[in-house]
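Student: I would like a close look at one part of this structure. Please take me through the nonpolar core and what lies around it.

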Amino acid sequence: MGLVLHPTRDVTEVVGIIERWATRHHKTLMVRAEDQHRVPSCVEPVPEHEVATRSNALISIGGDGTMLGALRSAVLDPKPVLGVHLGRLGFLVEIEPPELPEALSRLLSKEFTVESHACLACDVCGDDIVAFNDIALVRQPGSGFVNATLAVDGQQYGYYRCDAVVVSTPIGSTAYSYAAGGPLVSPAADSVVITPSAPMAGISRSVVLSPDEKIRLELEPDSSAVVVEMDGLVFRDAATEGAVDISYRRNAGLVVRFDPLRYQERNQLKMSLLDLPFLPEQLRELLPKELIRRTQQELPPPC
């Protein structure tokens with residue numbers, strides 16, 4: 001099993017649970033060499049590109065960003081990814097740390113379902129990247145607007161003059177695209193959503209396209225310097241010319257699900273909380289005390 005760790009959060013206790021379980025079941029754990037100092041010595045450090053290729057499954061420890069990184073790392077040979085929640089909201093992850101021992105045993109006995117996810121395969125000025133949530137062209141602060149034309153299957157569709165253009169998958173529709181006013185798309189749907197953020201002219205509403213249509217966004221000569229973001233990570237900084245070609249790739253990522261119905265119910269609750277004008281500490285005051293105590297339970301002791 002390969003471990004994919006959140007870059008900054010303390011993962012010591014969660015990794016300890018996994019390490020003890022792996023020892024009892026005679027399973028090998030791997031982690032990228034750069035994270036060797038964050039895990040027990042029995043976890044094998046390997047080059048980053050080998051974590052996914054040499055593993056039968058990946059365990060993502062963090063939030064949605066960590067989960068997306070795990071999915072991207074295995075895009076050439078998709079492996080089941082189990083998400084352990086250490087983030088803030090987490091729409092992709094399903095398992096909380098106290099549930100981990102049982103989840104690992106169910107993973108070993110194959111008592112789970114696999115949720116298939118598509119990605120966006122993108123050619124950014126000749127460089128190939130993939131994005132499971134979205135790819136975005138974002139203006140640099142203070143430098144004007146993103147001015148870009150949209151072509152679909154080679155036909156000119158229109159143009160954008162806005163702060164950002166966000167192209168998202170169905171699972172990415174709850175992220176940047178949603179924040180920019182885009183629609184929520186069912187994870188079961190095959191579609192691509194293009195949403196402008198703070199449009200000043202041109203296309204001002206979300207466009208929903210077929211997964212079989214090829215998308216091309218090309219910067220106009222009068223565009224400001226543009227940052228290209230992939231799943232929220234900066235891929236290219238201060239681009240002033242060029243084009244992004246985007247196609248939809250089905251079955252590019254595999255996510256482990258133990259209780260799909262409970263997972264959907266949790267996400268519905270999380271989506272409803274996003275629209276409430278409260279800070280996290282204010283929300284805690286509204287929750288029943290019994291629920292707060294349950295969410296504050298300590299991790300189980302070593303078995």
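Tutor: Start with the largest nonpolar core, in what is a predicted model. This core has 30 residues. Ile135, Tyr160, Val167 and Ile194 have the most contacts inside it. In general, nonpolar side chains tend to be buried together in soluble globular proteins.

Now pick out Ile135. Leaving aside residues up to four places away in sequence, Ile135 touches Leu120, Cys122, Val124 and Ile129, among others. Its contacts also include Val165, Val166 and Val167. Further along the chain, Ile135 touches Val228, Glu229, Val244 and Ile246.

Follow Val165 and Val167 next. Strand β11 covers residues 164-168, and 5 bridges join it to strand β12, residues 192-197. These two strands run antiparallel. Val165 has Pro196 of β12 as its bridge partner.

Step back to the sheet. β11 and β12 belong to an open sheet of 6 strands, in the order β14-β12-β11-β8-β16-β17. The pairing is antiparallel. At the edges are β14 (207-209) and β17 (233-239), and each pairs on one side only. On average, neighbouring strands are turned by 15 degrees against each other, direction ignored.

There is a second place to look. Apart from the largest core lies another core, of 26 residues. Val11, Ile18, Val39 and Ile59 are among them.

Finish with helix α3, residues 64-73. Of its 10 residues, 7 are buried, so the helix is largely enclosed by the rest of the structure. The buried ones are Asp64, Thr66, Met67, Leu68, Ala70, Leu71 and Arg72.

Notes:
Residues are numbered from 1 along each chain as its sequence is written. This is a predicted model: local features need pLDDT of at least 70, side-chain atom pairs count only at pLDDT 80 or more; totals for chains, interfaces and linings use all residues. Side-chain values use heavy atoms; hydrogens and water are left out. Two strands pair if DSSP finds at least two bridges between them. Helices (H or I, at least four residues) and strands (E, at least two) are DSSP runs, numbered from the N terminus. Axes are lines fitted to C-alpha atoms, for helices over the stretch in contact, and angles run from 0 to 180 degrees between N-to-C directions. Buried means under 20% relative accessible area, exposed over 50%, partly exposed in between (1.4 Å probe, protein chains only). A nonpolar core is a set of buried Ala, Val, Leu, Ile, Met, Phe, Trp, Tyr and Cys residues joined through side-chain atoms within 4.5 Å. Contact means heavy atoms within 4.5 Å.
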